Structures are given as C-alpha cells and as structure tokens.
Amino acid sequence: MSGKGAPPRAWMEVAVDALIDNARTIARVSGTRLLPVVKANAYGVGAVLASTALEQLDPWGYGVATIDEGAELRAVGITRPVLVFMPTRAQLFAEYERHSLTPALGDAGTILEWTTRGDRPFHIEIDTGMGRAGVRWDDVDELGEALDTPAFEGCYTHFHSADRTDGTAEQQLERFLTAVRSLPRRPALLHVANSAAALKGGSFAFDAVRPGVYLYGGSPGVGLPEGKPVVSVRARVVAVRRVRAGDSVSYNASWTAARDTTIATLGIGYADGLRRSLGASGRAQVLLRGRPCPIIGLVTMDLTMLDVGDGPATVGDVATLVGSADGGGGAITLEQFAAWSGELQREFLTGLGPRLPRIYR
C-alpha cells in the first residue's frame, strides 16, 4: 500500500525514481529489452507499483513465479506478456488462459497438452546446470516435433553462479546454445541473463534480460555494481528505559548491560522480517538521531531493542535500519544490513512482511 503522513510504528519507503533509473542502467548495459522479474511482490517492493512504473521503459513483459502473481498484474491493467516461471501441470492450464499468462514448460507431454488447447504462446526452460526444473540441455531432442509450432515463443535457462568469474556461466551459456541449435525452430525470444549476467554486457543479452535484485537496489554479487538505493526501512521508538549494570534485556536474558545505559525499543520485530538473532553478533546497528546504535539481545516478534548509551532517545523518534538517515546522519546500505542478518539481499527484501506499509516516494 502507499500512504501519507507518519506511520506510527515501522514502514518501508520505496524510491520509485531510483527503481526506474536502475532499470534504465540494465537496459543500457545489456543493449536489449527488459523482462523485469517482479515475483515475490517485486522482491517485497510491490509488484503492482514496480510493473506500473516500469511500463514507461517499454519492457517486453514481466516475470512472475505463480499464477496469482500474474493475475494481480492483469487486475491492474498490465497487458504485456506475463511469463510464469513456476513449473506447471495441465490441470492449471485453464487459469493460465483465464488470465492470459504464458507458462514455462519442460516436457513433450505437457507441451502437447498446452498446444492442443489453442495457439497461446509458451516458453520452455532448458536446464544447463541449475538442476531445478526444465529439460536437460542434452535431452532437448526428446521434445521432438512438439516444439514445431508458432506457439513456441521463447526458451531460457537460469545461471547458478552468474556473479562468479569461474567460467561456469560461460559453460552454461554454451550448453544453452547447443540445445537451441538442436531445436526444430528458433523461438522469437531467447533469454538467459539475470541481473549479474545482464551487467556483464551483451554476450548474455540475446532478446531480453531478466533483472531482479539490481532493480530494487541490491548488488547481484561481489565485484558487480549495486543499484541506486530503492528501499529504506524505518521504525519508531516506542519505549525508552534506563537500565543498570547487570540488568538483562530480551528473551533468555540474551544481553546484559555492562554499565548503566539507556535502552530504546523499536516497534519492529521478526514478524516484520527481521532475523531473531540479528543482535547476537554485536555488529548490527541502526541510526538514531544520526548516531549508530547497536541492536542488542534477541529480536522479539514485534519489538527490537537498542543500546543508546547516554545519547538522547525519545518515544516517537525515527530509527533507520536501511537507507539514509533523515537529516543527513549517515546511511546503512541494504548489503550491510543483509550481511548483519546473515542473509542475501534478495532474501532480506522478500522477507520484509506485509505489516510494513510501503510508502512510495
């Protein structure tokens, strides 16, 4: 949802212009059309918002994981192709047709069942090493003449380590091209590149690229650029108390004060997507009044505690968990907070729960 005014507890801010700029960068570097991945509610950012905003860049279409995600885009008027990456079965074909969604198929029987229903487009996934779904690159002959139809619109693969420089992406690419050469026809759309591969330039571009985490401000891997910050996460102080040396904080008395100090409690917890163990390492912190304050003790379902020392803290103050602090008091990057959480950036983003209002700037 979008909102106005000051949310009382915790929220996520989304910089829409930054999302669009990141998409433009991917398109420029790759030199081909975009197939933005907006699955998992656009990595938690908001699939309707992201898709609607990216319409101005004339993407080929959008990628989702489930039928329901595709139906959501259709409900708000998105008319471009919507490719559903989840392996499917014939019992669900009516739902694909109902919402004009494009399935990803991976065996001759399912392809024939789809094409006997009409000439709606489909894509096939070629497994070149991910080992997750699709037809193996060296078994594409088994699809036979099932692919000899105008409905065969595209095929793709998924890299398991596109961020690495160990040659595995190039090996998978060669397997993919070998498989494509074995097909009875070349489909109109070949697409292989996630954010990491797309940022490496045209060698992985083909007819479309499938950016995901980079669109939403994340880095696809070590040594690759991070997108412009899109997401900020903020929470209000809901309680302030003074504790004495030796006093404990949180479940299992998981933190003990080494000195007299002030504890500020934020209105955000693991039900909102924070890791319960976030404060265990002693490294995780937030920005409060421009000062870094460590997260202490176990994060609880709805609340997170900070040690603010002798610094000021008042109920209603806004703490920044991810993003630039209001008033220019420093910043915490998405990459840094995800690392403190022991998560990938995309893992952290998709874990931010629906209790956090999304405020679009």
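## Close-up views of a predicted model

**View 1. Helix 1 and helix 3 lie oblique to each other.** Oblique here covers angles that are not under 35 degrees (roughly parallel), over 145 (roughly antiparallel) or 65 to 115 (roughly perpendicular). Helices are DSSP runs of H or I with at least four residues, strands are runs of E with at least two, and both are numbered from the N terminus. This is a predicted model, in which local features need pLDDT of at least 70 and side-chain atom pairs pLDDT 80 or more, while totals for chains, interfaces and linings use all residues. Residues are numbered from 1 along each chain as its sequence is written, and side-chain values use heavy atoms, leaving out hydrogens and water. The axes of helix 1 (residues 16-30) and helix 3 (residues 47-54) cross at roughly 60 degrees and come within 10 Å; they are lines fitted to C-alpha atoms over the stretch in contact, with angles taken from 0 to 180 degrees between N-to-C directions. At the meeting point, look for V16, L19, I20 and A23 of helix 1 against L49, A50, A53 and L54 of helix 3. Contact means heavy atoms within 4.5 Å.

**View 2. Helix 9 and its buried residues.** Within residues 334-341, L334, F337, A338, W340 and S341 are the buried ones. Buried means under 20% relative accessible area, exposed over 50% and partly exposed in between, with a 1.4 Å probe and protein chains only. Down the axis of helix 9, these buried residues fall within an arc of 160 degrees, so they line one face of the helix; the arc is that of the directions from the axis to the C-beta atoms. Their packing partners are strand 15 (285-288), strand 16 (291-296), strand 18 (318-324), strand 19 (331-332) and helix 10 (345-351). Just past the end of helix 9, you will find G342 with a positive phi of about 70 degrees.

**View 3. Helix 4 and its packing partners.** In this helix (residues 67-75), the buried residues are I67, E69, G70, A71, L73 and R74. They pack against three helices, namely helix 2 (39-43), helix 3 and helix 5 (93-98), and against strand 3 (62-64) and strand 4 (82-84). G77, just after helix 4, has a positive phi of about 100 degrees.

**View 4. A198 in helix 8.** Helix 8 covers residues 195-198, and A198 is buried at 0% relative accessibility. Setting aside neighbours within four places in sequence, the contacts of A198 are I26, V29, S30, A193 and V209. Try spotting A162 too: its C-alpha is 9.2 Å from that of A198, although the two are 36 residues apart in sequence.

**View 5. T110 in helix 6.** Helix 6 spans residues 108-115. T110 is buried, with a relative accessible area of 11%. Beyond its neighbours within four places in sequence, T110 touches F93 and L105.

**View 6. Positive phi at N41 and S100, neither of them a glycine.** N41 lies in helix 2 and has a phi of about 55 degrees. With a relative accessible area of 34%, N41 is partly exposed. S100 sits in the loop between helix 5 and strand 5 (102-105), where its phi is near 55 degrees. S100 is likewise partly exposed, at 37% relative accessibility.
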